[in-house]
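Q: Please take one part of this model and look at it closely, for someone who has not seen it before. Describe where that part sits, what lies around it, and how the rest of the chain bears on it.

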Amino acid sequence: MARPENDGRETMSQGERIDVAIADKSPLILAGLDKLLSDDKRFNLVLKVTDGEEFLEAARQQKFAIAVIGWQLPTLHARDVLRALSRQVAAPKIVVYSGTNDPAAPAETLQLGGAGFVSKRAPPERLLDVLAAVAAGDMVFPFVDIRKMRSDPLENLTLRERSLLSALGSGHTNSQLAKDFGVSINTIKFHLRNLFEKLEVRNRAQAIALFLEMKHGAWPGGASGGRNLEGPAGARGRRGHGRPE
């Protein structure tokens, strides 16, 4: 799309450009964002990844002002990325760019410290405008009814986290969890920290106690509310015999 020559975008020097990172599971989306940002002289694309964990590691080692991330990233969901960055000093501002049909996604992004939310159904220029506004210090979201923002921590659990919670209730150690899920022990510890934070518990024992309450329907909106606490069957391993780590 041709732009007016004097729209203010061409006059910014290289030094004034805003460093932007992008993370999305779709290579086509990444290619489109690459072209969109490269054509706009306000922005300087410094990172392009398809994985949430890879993005988070880069955000710890590399400096960039803003990041555009998808809502459903491989390995780490956008929720997990936002939670992790909330504990990081001088973290980049995050704009979630997603085609999700989850009406709560913008509110969750806001709750978790995101700076903006843009639907993939919006014109591409909308994303550019939001990035510029966020870089200037604004927060940009579609209308969010704060009365409907989720308060039940179970609503925020991913399938993997529900599987982890079930495995904890079955007595699995971190080593067993790592084997069951095919990831490293450090990754398991990272997911457990996020799980404890979502459930508002401080340790494994409290998480297990909460799991048992939910399993027996004693928790409001728990097992009796129809939620699947067990997670995918393939994620449940044998009952552990060692002391939980």
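A: Of the 245 residues of the protein chain, 46% count as buried, where buried means under 20% relative accessible area, exposed over 50% and partly exposed in between, with a 1.4 Å probe and protein chains only. This is a predicted model, in which local features need pLDDT of at least 70 and side-chain atom pairs count only at pLDDT 80 or more, while totals for chains, interfaces and linings use all residues. Residues are numbered from 1 along each chain as its sequence is written, and side-chain values use heavy atoms, with hydrogens and water left out.

The secondary structure of the chain comes to nine helices and five strands, taken as DSSP runs numbered from the N terminus (helices H or I of at least four residues, strands E of at least two). Read from the N terminus, the elements run β-α-β-α-β-α-β-α-β-α-α-α-α-α. Among contacts with a separation of 6 or more, 67% join residues 24 or more positions apart; contact means heavy atoms within 4.5 Å.

The part chosen for the close look is helix H3, residues 78–86. H3 is mostly covered, with eight of its nine residues buried. These are Ala 78, Arg 79, Asp 80, Val 81, Leu 82, Arg 83, Ala 84 and Leu 85. The list thus includes Asp 80 and the two arginines, Arg 79 and Arg 83. Around the buried residues of H3 are H2, strands E3 and E4, helix H4 (105–111), helix H6 (159–169) and H8.

One buried residue of H3 can be followed in detail. Asp 80 lies in this helix, and its relative accessibility of 2% means that Asp 80 counts as buried. With neighbours within four places in sequence left aside, Asp 80 is in contact with Glu 161, Phe 190, Asn 194 and Lys 198.

Next comes the helix partner H2, residues 52–61. The axes of H2 and H3 come within 10 Å and cross at roughly 20°, the axes being lines fitted to C-alpha atoms over the stretch in contact and the angles running from 0 to 180 degrees between N-to-C directions. H2 and H3 are therefore roughly parallel to each other (under 35 degrees; over 145 is roughly antiparallel, 65 to 115 roughly perpendicular and the rest oblique). The residues that make this contact are Gly 52, Phe 55, Leu 56, Ala 59 and Arg 60 on H2, and Val 81, Ala 84 and Leu 85 on H3. By class, the contact of H2 with H3 holds six nonpolar, one polar and one charged residues. Here Ala, Val, Leu, Ile, Met, Phe, Trp, Tyr, Cys and Pro count as nonpolar, Asp, Glu, Lys and Arg as charged, and the others, Gly among them, as polar.

H2 has buried residues of its own: Gly 52, Phe 55, Leu 56, Ala 58 and Ala 59. They cover an arc of only 160° around the axis, which puts them on the same side of H2; the arc is that of the directions from the helix axis to the C-beta atoms. What covers the buried residues of H2 includes H3, strand E1 (18–23), strand E2 (43–49), strand E3 (66–69), strand E4 (93–98) and helix H8 (185–199).

The loops on either side of H3 each have a residue with an unusual backbone angle to look for. Before the helix, Thr 75 is placed in the loop between E3 and H3. Its phi is near 70°, a positive value in a residue other than glycine. Thr 75 has 36% relative accessibility and so counts as partly exposed. After the helix, Ala 90 is found in the loop between H3 and E4. The phi of Ala 90 is near 55°, again a positive value in a residue other than glycine. Ala 90 counts as exposed because its relative accessibility is 58%.

Helix H8, one of the elements packed against the buried residues of H3, also has a helix partner elsewhere. Helix H7 (residues 174–181) and H8 pack at an angle of about 100°, with axes 9 Å apart. H7 and H8 are therefore roughly perpendicular to each other. On H7 the contact uses Asn 174, Ser 175, Leu 177, Ala 178 and Phe 181, and on H8 it uses Ile 185, Ile 188, Lys 189 and Leu 192. The residues of this contact divide into six nonpolar, two polar and one charged.
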